[in-house]
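Student: Before we begin, I should like to go through the terms applied to a structure and ask what justifies each one.
Tutor: Certainly; please put your questions one at a time.

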Amino acid sequence: MSTPADIVRSVDAERWRLPRNVHDQLTEAIYGEAARIAERSVGRRGSSRRLEWQQRIDKLVTGPITGLPIMALAFATVLWLTISGANVPSGLLATLLVDTLHPILREFAHAHLWAWLAGLLVDGMYLATAWVISVMLPPMAIFFPLFTLLEDFGYLPRVAFNLDRIFQRVGAHGKQSLTMAMGYGCNAAGVIAARVIDSPRERLIAIITNNFAICNGRWPTQILIATIFLGALAPAAFAGFTATFAVFAVAVVGLLLTLASSWVLSRTVLRGEASTFSLELPPYRPPNILRTLYTSLIDRTLFVLWRAIVFALPAGAVIWLVANIEFGDQSAAAWIVGGLDPVAVFFGLNGVILLAYIIAVPANEIVIPTILMLTALLTGQSELGGGAGVMFETDDASVHAMLTGAGWTILTGVCLMLFSLCHNPCSTTIYTIYKETRSWKWTALATAMPLAIGFTLCAVVASVWRAAT
């Protein structure tokens, strides 16, 4: 007589003999039977003009030929509006928080506090937080409402429908495309968005791979490095196109890494039965503007921004300390950069880049200002910036001259773009991953896996580059 354990083992063995699309077949049969019942039982008066209008739009946005190009165009439009639209408010916030308030606070603090305490509080903690707010708030305030408008309009389920087959082939869920889209604004928000996936296994895949979607904090690094190193290689008339193509290529590499890592995870540590994806496309409807603004600003933008501020404050203190604490005849930053340089050069990077990413873990937005501050500090370019440990930004030509003067090459720029795509998530995202998974194991995997891929990718590119030149 079979025991319950024997029955469970037998059922489990038989389950793997079922066709891979058994759930699709069942769902299709259920919907087919429901349609036949409805056809026999429901009477209709004429045809609905709204239904016909919706069906015509669906033929375009979910069509096999037109669906993906329209989706790419919509995505590019949202990104363009976010990047270009954020420049003006970011500049205004930087003028207010950095150019105006920082000197006032600095003068006040140095008049009433010890010099080291004033530097730590104002030049370190306050300035890092001001950079995060000025760089991060405007893009999120634009991206999240646009994204929510598309969601309310009913387009996002069509995006999941278009990408479902691609993600299904790598063992992931079609709704992972939605979490990726959120990750292009902020990876922490993308991780939270993975809640829309019902299957715990596929939700984990979406969470672990979300870091390959370039977030707001990393777009400035990609755009700046592509402009000053790769755009400069082309004639002036094509410099912008070359830089744009380079950033787009890095974003495509991120999509390919998402698919590849999802395929590996679904066949190793997260191997399991594919879940059913029954997607009912909602009707198109005009979005509620006020509700959209409230939802995106309160529930998403301010929530994510607050987390970034909490982590940026201690990061600012660390950045100021490593630049101002001296051991022997040089600063802690100089010692650390000197120790990291031999390893970093092997990967096509340098010690300044690695140190910037280590101490700027709380917020990707402060990576470039940190690199500039450390480079100016270590190369003795005292005419730039506001002093040791004080982050700053300047124009593209000055940045190019400073970095090439410090030994940067085109290879350094290319490897930095790849490392910016693949390095570990920021601490806000790492904390969010733990909150969503309640597992240190999956949090560690989501942190270490992209870092390992990033170092491997940079090492391969650097080796091939050096062999070819």
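Student: How many disulfides does the structure hold?
Tutor: The model is a predicted one, and it holds 0 disulfides.

Student: What makes Cys415 a residue in no disulfide?
Tutor: A disulfide requires two cysteine sulfur atoms within 2.5 Å. For Cys415, the nearest cysteine sulfur belongs to Cys458 and is 4.7 Å away, so the pair does not meet the cut-off of 2.5 Å. Likewise, Cys426 has its nearest cysteine sulfur, that of Cys215, at 6.3 Å and is in no disulfide.

Student: Why is Cys426 called buried or exposed, as the case may be?
Tutor: Buried means under 20% relative accessible area. Cys426 has 12% relative accessibility, and therefore counts as buried. Cys415, at 0%, is buried because its value also falls under 20%.

Student: Which description of accessibility fits Phe346, and why?
Tutor: Its relative accessible area is 47%. Partly exposed covers the range between the 20% and 50% cut-offs, so Phe346 is partly exposed. The residue is found in helix H13, residues 332-346.

Student: How do you know which residues distant in sequence Phe346 is in contact with?
Tutor: Contact means heavy atoms within 4.5 Å. Leaving aside neighbours within four places in sequence, Phe346 is in contact with Ala459, Ala462 and Arg466. In addition, the C-alpha atoms of Phe346 and Cys458 are 8.7 Å apart in space, although the two residues are 112 apart in sequence.

Student: What makes the pair of Phe347 and Phe455 tilted?
Tutor: Tilted describes planes that are neither under 30 degrees apart nor over 60. Phe347 and Phe455 have 50° between the planes, with 4.7 Å centre to centre, and so are a tilted pair. Phe347 lies in the loop between H13 and helix H14 (351-359), whereas Phe455 lies in helix H19, 108 residues apart. Phe347 is buried at 15%, while Phe455 is partly exposed at 23%.

Student: What ties Phe419 to Phe455?
Tutor: Phe419 and Phe455 form a tilted aromatic pair, at 5.2 Å centre to centre and 50° between the planes. Phe419 lies in helix H17 and Phe455 in helix H19, so the pair ties together parts 36 residues apart in sequence. Together with Phe346, Phe347 and Tyr357, these two residues form one aromatic cluster. The whole structure has 9 aromatic pairs.

Student: Why is the link between the side chains of Ser262 and Gln176 called a polar contact?
Tutor: A polar contact needs N or O atoms within 3.5 Å. The side chains of Ser262 and Gln176 make such a contact at 3.3 Å, so the distance satisfies the cut-off. Ser262 is in helix H11 (residues 239-266) and, at 0% relative accessibility, is buried.

Student: How do you know that Arg158 lies over the face of Tyr284?
Tutor: The distance to the ring centre must be within 6 Å, and the position within 35 degrees of the ring normal. Arg158 is at 4.1 Å from the ring centre of Tyr284 and lies over its face.

Student: What is notable about the phi of Arg438?
Tutor: Most residues other than glycine have a negative phi. Arg438 is not a glycine, yet has a positive phi of about 55°. Arg438 is found in the loop between helix H18 (427-437) and helix H19 (440-468). Its relative accessibility is 57%, and because exposed means over 50%, Arg438 counts as exposed.

Conventions. Residues are numbered from 1 along each chain as its sequence is written. This is a predicted model: local features need pLDDT of at least 70, side-chain atom pairs count only at pLDDT 80 or more; totals for chains, interfaces and linings use all residues. Side-chain values use heavy atoms; hydrogens and water are left out. Buried means under 20% relative accessible area, exposed over 50%, partly exposed in between (1.4 Å probe, protein chains only). Helices (H or I, at least four residues) and strands (E, at least two) are DSSP runs, numbered from the N terminus. A polar contact is a pair of N or O atoms within 3.5 Å; within protein, one must be able to donate a hydrogen and the other to accept it, and residues adjacent in sequence count only if both atoms are side-chain atoms. Rings of Phe, Tyr and Trp (its six-membered ring) pair if their centres lie within 6.5 Å; planes under 30 degrees apart count as stacked, over 60 as edge-to-face and the rest as tilted.
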